[in-house]
Amino acid sequence: MKKDKKTIIEPEKNAPADSTRRPPVNPAELDVPDELAVLPLHGFVFFPGMGFPLQISHTTSTKLIDDAVLHNRMVAVVTHKKNEDEVEIKKNGGYQTDHLYRVGVVGYIHKIIKTPDDQYQVLMSAVKKIKIGEFTQTEPYLKARVNVVEMKEESGKEYDALLLNLRNQFKRLVELTQLPPELYMTVMSLTNSFHIAFLIVSQLNLAMETEQEILEIAESKQLLHRTVRELNKRLETVEMSEQIQKNVKEDIDSKQREFFLRQQMKAIQKELGDDDGNVELEEFQTKMAEIKLPEEARATAEREMKRLARISPSSPEYTVSRNYLDWILGLPWEVSTEDSLDLKKAKETLDNDHYGLEKIKKRIIEFLAVRKIKDDMHGPILCLVGPPGVGKTSLGQSIARTMNRKFIRIALGGVRDEAEIRGHRRTYIGSLPGRFIQSLRKAGTNNPLILLDEVDKLGSDFRGDPSSALLEVLDPEQNSTFTDHYLEIPFDLSKVMFITTANYIENIPGPLRDRMDVIELSSYTEEEKLMIAKNHLVPKQVKAHALSGTTLKFKDEAIRAIITSYTREAGVRNLERRLAQVCRGVATDIVMGTRKSLTVTPKNLENILGPIRYFPEATARSWGPGLATGLAWTPVGGVLLFIETAKMPGHGGLSLTGKLGEVMKESASAALTYIRSHSKALKIDDKTFRINDMHVHVPEGAVPKDGPSAGVAMAISLTSLLTDRPVRKDLAMTGEITLRGDVLPVGGIKEKVLAAIRAGITTVMLPHLNKKDVVEIPEEIRKGITFHFIQDIKEAFDIALEKPKPARRQPAPKTPRSKGK
C-alpha cells in the first residue's frame, strides 16, 4: 500500500463520496463495532482527523476493502513496525500480528477507484482513535476486537497558551520552508486541539516510531507539550540550514571578489611590464596562426581562447576549455594525402596481397579511374559481406596501401552507446569526441580509409542506437557536415573512404544497408585455398617460426589433404592454424636434433597433425529410403543439410524436429500436401496417409535452421519413404517448392555448391532460375560436378529417386497329375 498525500477532512463537514450515491452520513457519528478488519500500513502513521488516498495492490488487502464496503465501510488502520514490502510481510499464509502496533485509527472508506491493472485507489478518512485487542481472524485477512480511545480536550490558560504558541511557531515554519500557506490557514480554522497537533506533527518529517509515540498520547496537554517540543526541533534545523546557505553565498561572493582582484593584478603587472603571459594560451595562438581552419572552427577557437584567458588556471573550467581547444586545433581540417592513381600499380598490389576477390578489386580500380578524371569525387562506402576468414579486414589494409591512404580500423562488435559514434557533450566530466573524430586526429589526414569492422554486430540499449547514428556518417549527402556532440562544429567526412565488413547482411538495419554498396565475398574454392596457402600462408608461417624454404617444404598434395581432411571452413583461418601446427612440430624436431629438414606429403601428414578429422559427409552416413541430402547457406559458408523421414502407425499427423524455423516448417507442410495431392501419379496408396504419422527430422538439433531452400529436399525425402525408393547418395539439392510443384530460386548457390564438393558430392540439383548463379563458380570446379536444373518437382523425382526394383515373380504351384487306373 502506498500513501499518496495527506489531507484534512473535517468529520463534521464531509460525507462519503462513493458511486452508490448513498444519503450523506457523518463518519464521526457512526458507532464503531466491536470487531473490525485490520489494514496494516507500512512506513507511515495516520492520525485522527486526517484524510488520505491509498494505493492498494495486494490481493489480501483488496479483498479486505471489498468486504468492508459491503458492510459498514470501516476498517482498523494500524502501522507495521517494520518498513517492509507487503509481499515480504505476508509469510506462511498470514500477517505476523506481533509486528503491528496496537494503537491506530478507524478508517472510513469514502471512495474506491479500480485501475486497469487491478489496483485500488481508496480515499479514506481517520475518524477515531482505537486500540487493538485480541485478534479474532488471520485468514484471508486480519480481524480484531477494537476499543475506541476517547480524545478529551482540556481547558485553562496554560492550555490556551500552548495552542497559541503552537500556531505561531507553525506559522514561522511555513514562512521558512516551502510548506503551502493553506496549511497554516487550516491550523487556524481547526478547533479540536488533537486535530491541530496531529496535523502539525504530520508535516515535521518525523520518524515513524516518533509519530506512533505521539499518536498513543492520551492527554491533550501532554500531546501539545510534545508537539511544541518536536516543532521547536524542526525550527532549529531549518534555521541552521538557512544560516549554512547564507554562509555558502558569502563564500561564493568572496571568490568572485578574489577573481576581480586577480584580474586587476594582471592589468597592473601588464602596465609595469612584469606580465609573462599565459604560456599555454600563447601556444594555442601560435598553433592557430599556423594551421588552416574553416571559418566556423576558427571563430569557435578564437571565442574559446578569449574565454580561456579569463579563467583562472586553478579552476576546473580551465582544463575543460583547454582540452576543447586542443581538440579543435589538433584535427586535420584541411590536411589530405594525395591518392595514388596508377591503375596498373594498384592492380598489381591488390593481386599480390590477395588471391581471387575479383569483384572488390574491380570496384576499387573503377573508383581510382573515376577519381583520376574527377578530383572532387566523394569516397565510396563499401560493405564487404562474407563468411569469416575470407580476408575482409586484411583487404581494407591492402586497399589503403594501394591508394596511399592512412588506414584506421574501428571495431563495432558489441558497441551499444551512441556516444561512441557522436561523442559526449562537454557538460560531462571526462567527455571525449566520438571514435570518428578521434580516428581522424590519430590519422592526421581528413581522407583516410576507415574500416568499420563487424558492422552487423552493433547493439542498442538505453544509451541509444549506434546504427542510427551511423546513418549520417555513411550518407554521402550528409556526412560533409557531420557534427560531433563534443566539438559542436561540422566536420567534412565526405573525403573519407569507408569500408564496412559483415558476416550476415540481414542483421544490418535496412536504412543503414541502403547507404552502402554491398559486395558479397563468397567462400574460397579448394583451388583458391591452395594458391593462398602457397603464395601467402606458408611463407608467412615459415618466417614466423624462424624456418626457411630449405628446412620445410610442402607438397601441393599435402596442402590439399590439409584443406579437405583437417579443415572444414569457408575461409582460410583454420588452414593457417594447421600450417602453423606443422611449422611448430618441425621447429621442435630441429631444436631437439631429431630432424634437420622435412618435406610434408600426404603420407607423413597424419604423423604430424594426427588422425584425419573430416570425412566426406555423404559417405559417413547409413543410407536408405527417407534420407535426402539438402544444401544450406550459413554466415560461415555452405553446409550439407540431411533430411530424415520416418513413418509409424498413426492418424495422418506430421511431426517436425531439429529446431526448425517457421518458414522451414511451412516448407515441409507444403511438400507433404503436394505429395498427397499427387499420390496417384506417385503410386502411393491414399490409405498410407490415413493410417500413418510422418516424422521429418533435420540432424544437429541444437542448431537453429530456417529458410525455404529445403523444400525440394523435404519433398524428395518424403516421396522416397512413401515409395520405398532410396535417394541417390551422390546427389545434393536445394530449392523452394510450391503447392503446385514449381521449384523457385534460392540464394547462396556458390557456397552451397562448394559445400557439396567438400563433402564428396558429384551431382547437384538446382532450380532452373539459378542457372545464372553457376557462372560465378570457377570452371575447374564445375568440371567435376554434374548439374541438373529443374522447373518442376516431378523432374526432381525422376533424377533423385532410384528406379524401383522389379518385383520377384512367385513360381506357380505344380498341380499333381492324376494317374489313370
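Does His 695 count as buried, partly exposed or exposed, and what is its relative accessibility? In this model, which is predicted rather than determined by experiment, His 695 has a relative accessibility of 27% and therefore counts as partly exposed, since that class lies between the limits of 20% for buried and 50% for exposed residues. The place of this histidine is in strand β21, and its C-alpha atom is separated by 4.6 Å from that of Ser 655, although the two residues are 40 places apart along the chain. Once neighbours within four places in sequence are left aside, His 695 is in contact with Glu 644, Thr 645, Ala 646, Met 648, Ser 655 and Thr 657.

With this residue as a starting point, we can step back to the whole chain. The protein chain has 821 residues, of which 46% count as buried, and it contains 27 helices and 26 strands. Among the contacts between residues at least 6 apart in sequence, 75% join residues that are at least 24 apart; the pair of His 695 and Ser 655, with their positions 40 residues apart along the chain, gives an idea of such a separation. The accessible surface of the chain comes to about 43,400 Å², and 50% of that surface belongs to carbon and sulfur atoms.

The next topic is the interior. The largest nonpolar core has 50 residues, and those with the most contacts inside it are Leu 412, Phe 436, Leu 452, Leu 470, Val 473 and Phe 498. Helix α10, which covers residues 316-330, gives the most to this core, with six residues. A second, separate core of 47 residues includes Ile 532, Ile 563, Val 572 and Leu 575. Returning to Val 473, we find that this valine touches Ile 421, Phe 436, Asn 479, Phe 482, Leu 493 and Phe 498, when residues up to four places away in sequence are not counted.

Where packing leaves enclosed space, one can look for cavities. The count comes to three cavities of 30 Å³ or more, and about 40 Å³ of space lies in the largest of them. Its lining is made by Leu 41, Val 45, Phe 46, Val 77, Val 78, Thr 79, Val 103, Gly 104, Val 105 and Leu 215. Strands β5 (74-80) and β6 (103-114) each supply at least two residues of this lining, which by class has eight nonpolar, two polar and no charged residues.

Some individual residues deserve a slower look, and Lys 705 is one of them. This lysine lies in the loop between β21 (692-697) and α24 (711-723). Lys 705 is buried, because its relative accessible area of 10% is under the limit of 20%. Its contacts, not counting residues up to four places away in sequence, are with Leu 641, Gly 658, Lys 659, Leu 660, Gly 661, Met 664, Val 698, Pro 699 and Glu 700. The C-alpha atoms of Lys 705 and Glu 662 are separated by 9.4 Å, while the two residues are 43 apart along the chain.

Two further buried residues can be read in a similar way. Thr 402 is found in helix α13 (residues 392-403), and it is buried, with a relative accessible area of 5%; beyond residues up to four places away in sequence, Thr 402 touches Ser 340, Ala 346, Thr 349 and Leu 350. Gly 741, by contrast, is found in a loop, between β23 (736-737) and β24 (743-744), and at 0% relative accessibility it counts as buried. Gly 741 touches Tyr 674, Gln 791, Asp 792 and Ile 793, again not counting residues up to four places away, and its C-alpha atom is separated by 8.3 Å from that of Ala 671, 70 residues apart along the chain.

Finally, the backbone itself can be examined. Most residues other than glycine have a negative phi, and most peptide bonds are trans. Lys 659, one of the contacts of Lys 705, has a positive phi of about 55° although it is not a glycine, and it is found in the loop between β20 (654-657) and α22 (662-677). Lys 683 also has a positive phi, near 60°, and lies in the loop between α22 and α23 (687-691), where it is exposed, with a relative accessible area of 77%. A cis peptide bond, with omega about -5°, joins Glu 139 and Pro 140, and Pro 140 has its place in the loop between β7 (120-137) and β8 (143-149).

Technical notes: Residues numbered from 1 in each chain as written. Predicted model: local features only at pLDDT ≥ 70, side-chain atom pairs only at ≥ 80, totals over all residues. Heavy atoms only, no water. Core = buried A, V, L, I, M, F, W, Y, C linked by side-chain atoms within 4.5 Å. Buried < 20%, exposed > 50% of the residue type's maximum accessible area, 1.4 Å probe, protein only. Helix = DSSP H or I, 4+ residues; strand = E, 2+ residues; numbered from the N terminus. Contact = heavy atoms within 4.5 Å. Areas by Shrake-Rupley, 256 points an atom, 1.4 Å probe, with all protein chains shown as cover. 1 Å grid on protein atoms, 1.4 Å probe; cavity = no way out; pocket = protein on both sides within 12 Å on 5 of 7 lines; lining within 4 Å. Points joined across faces, edges and corners; volume = space filled by probe spheres on them. Nonpolar A, V, L, I, M, F, W, Y, C, P; charged D, E, K, R; others polar.
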